[in-house]
Amino acid sequence: MSVQRHYDREFVRTFFTSPAAVDGEDDSAKMLRSAAQLRGMQAPDVWVPDNEDATAPSMRAEGIGNIIHVVSEHGADVPGEIHPRVVWHREDPKTRYQGFQQMLRVAESGAIDHIDGFVIPEVGDVDDWKKADEFFTIVEHEAGLEPGSLSMSVIVESGEAELALGDLRTEMGKPSNNLERLFLLVDGEVDYTKDMRATTPTGELPSWPELRHNTSRGAS
């Protein structure tokens, strides 16, 4: 399968997330449908149909179906890249398997022609990143895609993931992984704050300048 990818992008100006399924609506995919039709300055560089935090657990099976349907219908005209966010958790093999199944459903549908990659939340140490990478490789094989054709973005939401940023220089390029597929490194400061058990006198999120520095260094 020959799919046009857009990996010559030098930077991402904007990204936009949309719930994959909205509970209590006649059309649970209405927010996906609306986002898929953004054009011009309203259109983000990266669109993230979110089947994790933005979608209730009871709606996630429907959410994947919505992603497949909407992206199959509108994906060819979306001006930016499309990177659905699936479920994952560094401490829960069941959740990781669910994320794998979500990616596989998308990859085996017509929507894959317009998908550039997937976003993996709640990653842990660098070995956990490699687990996700291995699932990507299996998904590519099962869907008849070229190895490395799907990019992987991760959300840094834990101390383990922050430390993993420092391991990328030595781990990327080894024949035992395909971490070159990494695309976005995203700071998830809300869950990171929970993982660090941090508080402030005002109850607001800490600014976490060190996390942003470490993410920037990992990206470089």
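Here a biologist and a modeller talk through a predicted model of one protein chain.

Biologist: Let's start with the fold. What pattern does the protein chain follow along the sequence?

Modeller: Happy to. The protein chain holds eight helices and six strands. Read in sequence order, these elements give the pattern β-α-β-α-β-α-β-α-β-α-α-β-α-α.

Biologist: What radius of gyration does the protein chain have, and what would a compact globule have?

Modeller: The C-alpha trace spans about 45 × 45 × 35 Å along its principal axes. For 220 residues, a compact globule would have a radius of gyration near 17 Å, and the protein chain agrees with that, at 17 Å.

Biologist: And what percentage of the contacts with a separation of 6 or more joins residues 24 or more positions apart?

Modeller: A contact here means heavy atoms within 4.5 Å. Among those with a separation of 6 or more, the share from residues 24 or more positions apart is 77%.

Biologist: Now the interior. Which element gives the largest share of the largest nonpolar core?

Modeller: Good one. This core has 46 residues, and Trp47, Phe118, Ile120, Trp129 and Met152 touch the most other members. Elements giving two or more residues to it include α2 (60-74), α3 (93-107), β4 (117-120) and α4 (126-143). The largest share is six residues, and it comes from α4.

Biologist: Which residues are among the members of the other core?

Modeller: That one lies apart from the largest core and has five residues. In soluble globular proteins, nonpolar side chains tend to be buried together. Among the members of this second core are Val46, Val48, Ile155 and Leu184.

Biologist: Which residues does Trp129 contact, beyond its neighbours within four places in sequence?

Modeller: Trp129 is one of the residues that touch the most other members of the largest core. Leaving those sequence neighbours aside, its contacts are Val123, Gly124, Met152, Val154, Ala161, Ala164, Leu165, Leu168, Leu179, Leu182 and Leu185.

Biologist: Let's turn to Asp50. Does it count as buried or exposed?

Modeller: Asp50 lies in strand β2, residues 46-50. The cut-off for burial is under 20% relative accessible area. Asp50 has 2% relative accessibility, so it counts as buried.

Biologist: Which backbone nitrogen does the side chain of Asp50 reach?

Modeller: Leaving aside neighbours within four places in sequence, Asp50 is in contact with Ser18, Pro19, Ala20, Thr55 and Arg85. Its side chain also reaches a backbone nitrogen at 2.8 Å, that of Glu52.

Biologist: Finally, how much of the exposed area do carbon and sulfur atoms supply?

Modeller: Buried residues make up 50% of the 220 residues. The protein chain exposes about 11,100 Å², and the part supplied by carbon and sulfur atoms is 50%.

Terms used. Residues numbered from 1 in each chain as written. Predicted model: local features only at pLDDT ≥ 70, side-chain atom pairs only at ≥ 80, totals over all residues. Heavy atoms only, no water. Helix = DSSP H or I, 4+ residues; strand = E, 2+ residues; numbered from the N terminus. Buried < 20%, exposed > 50% of the residue type's maximum accessible area, 1.4 Å probe, protein only. Polar contact = N/O pair within 3.5 Å; in protein donor to acceptor, adjacent residues only side chain to side chain. Core = buried A, V, L, I, M, F, W, Y, C linked by side-chain atoms within 4.5 Å. Rg over C-alpha atoms; globule rule 2.2 N^0.38 Å. Areas by Shrake-Rupley, 256 points an atom, 1.4 Å probe, with all protein chains shown as cover.
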